[in-house]
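Trainee: Got a minute to walk me through this one? I'd like to get a feel for how the inside is put together.
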Amino acid sequence: MELFTRNHEPSWDRIVHICVHEDNKISEYINENSLYKILVLNEGAITISEQETQRIVSAPSLILLSSRGIVANSSSNADITVVYFRPTEIRDEFTIERIDSGEFENYIGRTIYQDYLLVNSFGCKILPLSLSSHSKLQKTITSMNNELTQQYDGFWPCRSRSYLMELLYYISYACSSFSNNVADTTVSENTIGDVIQYLNEHIADKITLDDITRKFSFNRNKLNELFLKETSMTCLNYLTKMRINLAKVILAETELQIAEISYRVGIADPNYFIKVFKKHTGVTPSTYRNSYK
C-alpha cells in the first residue's frame, strides 16, 4: 500500500504525503517511522503496547502515533480509520528528526511555534471521544479523503492539506480540553471546557449565543461572566478568535481562495470575513498570506 497520494493525471507528477486507510484490523504500516498517524477507533477495541506498558482502548477513541516500537493488535470486530501523513505537509521544516530533537520548543512566540503546536501532541497519545467529537473527526477525514481520491480540480493537493490542518487544529483543542478535564479543575473551568469543545466541533457552522445558552442551560450574562473569568473575552469573541486562528493556518500554508477559507471557518460573507480578520490581525487576509511567500 502506498502511504501517500499520487496525482491521477500522469502528466502532473504530484505527490501529497497524506493518505487515509480504513480497515477492520491494525495495518502492518502502523510503525512506519517516516509518518505520523491519526488513528480513529470507530468500533471494537485494540491493544496498544509500548515498552512494558499495555493498554486496551475501546471505541470511540482517538490515538495519535509517532513513536516507534508501538505494538497494536485489534479485536475481530474493530473498525479503524487511519490518516497517515508526513509533518512536512504542514511545514517544510517539520522533518521527523527536527521535531524529535525538540528544536521547535525554543520557538515560543513565533509563527512556526504555533504550527508546531499542531503536531506536538503526537507520540502515543490516547483520547476517548464523545459521539459529537467522533462525528466531527469522521466528517473532516471524509472531506479530506474525498479530495485525495476524487481530485475534483487542480486544487486537490492544497485542499486536502487544508483539511489535514483543520483536523490537527481541532485535535489540538481536543487534547487541551481533555487535559483540563482530567486535572483538578473547578466546575466553571469544566463547563467552559465543554463549551469550547462544542465551539471547536461546530467552528464551520452558524452559531448564535442563543444556540449555546440553550444547549448548556445558561443565560447570556452567566455564560459571558464565566468566559470573561477564564479567557478574558466573551463567548462569541472567543469563537471569533478560534475562527481567525484557523484561517491564519490555512492562509499561510495553502493557496485556497479567501472566499472558501471564509466559508470553512464559519463566516459566510467573504467581505465580512476580511473585515473581521483585519480587525483582529491588523492586516487583510491577502496581506497576511503574502507575508509568508
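Mentor: Sure. Keep in mind that this is a predicted model. Let's start with strands: β4 and β9 pair in the antiparallel sense, over seven bridges.

Trainee: Who stands opposite I38 in β9?

Mentor: That's V83.

Trainee: And how many bridges are there between β4 and β7?

Mentor: Five, and that pairing is antiparallel too. β7 covers residues 61–65, and its L62 is the bridge partner of V40.

Trainee: Is β4 mostly covered or mostly open?

Mentor: Mostly covered, with seven of its eight residues buried.

Trainee: Back to I38 for a second. What is it in contact with, leaving aside neighbours within four places in sequence?

Mentor: The list includes L62, I63 and L64, then T81, V82, V83 and F85. F122 is on it as well, along with L164, L167, L168 and I171.

Trainee: Where does I38 fit in the largest nonpolar core?

Mentor: That core has 76 residues, and I38 and L199 are the ones with the most contacts inside it.

Trainee: Which helix gives the most to this core?

Mentor: Helix α4, residues 156–182, which puts in 13 residues. There's also a second, separate core of 19 residues, with V57, I70, I80 and V82 among them.

Trainee: Switching to aromatics. How many pairs does a search of the whole structure find?

Mentor: It finds 13 aromatic pairs. Take Y36 and F122: their ring centres are 5.0 Å apart and their planes are at 25°, so this pair is stacked.

Trainee: Where do those two sit in the chain?

Mentor: Y36 is in strand β4, residues 36–43, and F122 is in the loop between α2 and β10. They are 86 residues apart, so to speak a link between distant parts of the chain. Y36 is buried, and F122 is buried too.

Trainee: What about F94 and Y116, why is that pair edge-to-face?

Mentor: Their planes are at 70°, and over 60 degrees counts as edge-to-face. The ring centres are 6.5 Å apart. F94 lies in the loop between β9 and α1 while Y116 is in helix α2, so the pair ties together parts 22 residues apart in sequence.

Trainee: Are F94 and Y116 buried or exposed?

Mentor: F94 is buried, and so is Y116. They also belong to one aromatic cluster, together with F104, Y107 and Y113.

Trainee: Which charged ends sit over rings?

Mentor: The charged end of R264 is over the ring of Y163, 3.9 Å from its centre. The charged end of K215 sits over the ring of F216, at 5.9 Å from the centre.

Trainee: New topic: Q138. Where is it, and is it buried or exposed?

Mentor: Q138 is in helix α3, residues 131–150. Its relative accessibility is 19%, and the cut-off for buried is under 20%, so Q138 counts as buried.

Trainee: What does Q138 touch, not counting residues up to four places away in sequence?

Mentor: N42 and T81.

Trainee: Last one. How far does α8 reach from its first C-alpha to its last?

Mentor: 28 Å, close to the 27 Å expected at 1.5 Å a residue. Helix α8 runs over residues 235–253.

Trainee: And how many of its residues are buried?

Mentor: In α8, 14 of the 19 residues are buried, so to put it plainly, the helix is mostly covered.

Technical notes:
Residues numbered from 1 in each chain as written. Predicted model: local features only at pLDDT ≥ 70, side-chain atom pairs only at ≥ 80, totals over all residues. Heavy atoms only, no water. Phe/Tyr/Trp six-rings, centres within 6.5 Å; stacked < 30°, edge-to-face > 60°. Helix = DSSP H or I, 4+ residues; strand = E, 2+ residues; numbered from the N terminus. Buried < 20%, exposed > 50% of the residue type's maximum accessible area, 1.4 Å probe, protein only. Lys NZ or Arg CZ within 6 Å of the ring centre and 35° of its normal. Core = buried A, V, L, I, M, F, W, Y, C linked by side-chain atoms within 4.5 Å. Contact = heavy atoms within 4.5 Å. Expected span 1.5 Å × (residues − 1). Pairing = 2+ DSSP bridges.
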